Amino acid sequence: MSTNNLNPSISHGPTFLPGPGHGFGLGFGTRLESGQSEWPGTPGDYYWGGYAGTYFWVDPLEDLVPVMMSQEPVRRPHYRSLLRNLVYQAIIK
C-alpha cells in the first residue's frame, strides 16, 4: 500500500498533490527521495490527510506513527507542517 504505483515517466506538475519527491501508493502519498519535499521526513515514509484536517504519517526508519485529529479545513496545511516540524525537531539525534 505504501509503494509508489505511479508511472515514473509521467510529469508531475505544480499541482501534483503528494508534492515534489513523492509518489502515490494505494491511498497514501509516499516519499521517494530526500531533498525534494519542503516537509521533513525520510525516504519510505508515507502519509494521508483528510479534508477537514485529520492527518497521519508513518516513518518506518524513525519508528514514528504520528496522528493528528482536527477539524480545521482552512488552516490544515499550516497545522500539518507545524506538527511535522515539531515531531522531527523533538527526535533530532
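**Figure 1. Asp63 in the loop between β4 and β5.** In this predicted model, the loop between strands β4 and β5 is where you will find Asp63. Look at its backbone: Asp63 is not a glycine, and yet its phi is positive, about 60°. Why might that catch your eye? Most residues other than glycine have a negative phi. Is Asp63 buried or exposed? With a relative accessible area of 72%, Asp63 counts as exposed, because the cut-off for that class is over 50%.

**Figure 2. Confidence along the chain.** Before going further into the close-ups, it helps to know how far the predictor trusts its own model. The protein chain has an average pLDDT of 88, and 99% of the residues score at least 70. Which strand has the highest confidence? That is β5, residues 67–68, with a mean of 95. Confidence is lowest in β1, where the mean is 85. As a reading tip, predicted coordinates should not be read in detail where pLDDT is low.

**Figure 3. An edge-to-face pair, Trp39 and Tyr55.** The model holds seven aromatic pairs. One of them joins Trp39 and Tyr55 edge-to-face, with 5.9 Å from centre to centre and 90° between the ring planes. This pair links distant parts of the chain: Trp39 belongs to the loop between β2 and β3, while Tyr55 belongs to strand β4 (residues 55–58), 16 residues apart. How exposed are the two partners? Trp39 has 21% relative accessibility and so counts as partly exposed. Tyr55, at 2%, counts as buried, because that value is under 20%.

**Figure 4. A stacked pair, Trp57 and Tyr88.** Here the rings of Trp57 and Tyr88 are stacked, with 25° between their planes and 6.0 Å between their centres. Which elements does this pair link? Trp57 sits in strand β4 and Tyr88 in helix α1, 31 residues apart, so distant parts of the chain are linked again. Trp57 has a relative accessibility of 0% and therefore counts as buried. Tyr88 is buried too, with a relative accessible area of 11%. Trp57 has a charged companion as well: Arg84 lies over the face of its ring, 4.4 Å from the ring centre.

**Figure 5. The aromatic cluster.** Now put the rings together. Which residues do ring pairs link into a cluster? They are Trp39, Tyr47, Tyr55, Trp57 and Tyr88.

**Figure 6. The largest pocket.** This pocket holds about 500 Å³ of space. Its lining has 23 residues, and those closest to the pocket's centre are Leu17, Pro18, Trp39, Tyr47 and Arg80. Four elements can be named here, β1 (22–24), β2 (29–31), β3 (46–49) and α1 (76–90), each giving two or more residues to the lining. Which element gives the most? Helix α1 does, with four residues. What kinds of residue make up the lining? By class, 11 are nonpolar, seven are polar and five are charged. Trp39 and Tyr47 may look familiar, as they also belong to the aromatic cluster.

**Figure 7. Glu33 and Asp45.** This last view visits the loop between β2 and β3, which is the place of Glu33. At 40% relative accessibility, Glu33 counts as partly exposed. How far apart in space are Glu33 and Asp45? From C-alpha to C-alpha the distance is 9.8 Å, and the two residues are 12 residues apart in sequence.

Methods:
Residues numbered from 1 in each chain as written. Predicted model: local features only at pLDDT ≥ 70, side-chain atom pairs only at ≥ 80, totals over all residues. Heavy atoms only, no water. 1 Å grid on protein atoms, 1.4 Å probe; cavity = no way out; pocket = protein on both sides within 12 Å on 5 of 7 lines; lining within 4 Å. Points joined across faces, edges and corners; volume = space filled by probe spheres on them. Nonpolar A, V, L, I, M, F, W, Y, C, P; charged D, E, K, R; others polar. pLDDT = per-residue confidence, 0-100. Phe/Tyr/Trp six-rings, centres within 6.5 Å; stacked < 30°, edge-to-face > 60°. Buried < 20%, exposed > 50% of the residue type's maximum accessible area, 1.4 Å probe, protein only. Lys NZ or Arg CZ within 6 Å of the ring centre and 35° of its normal.
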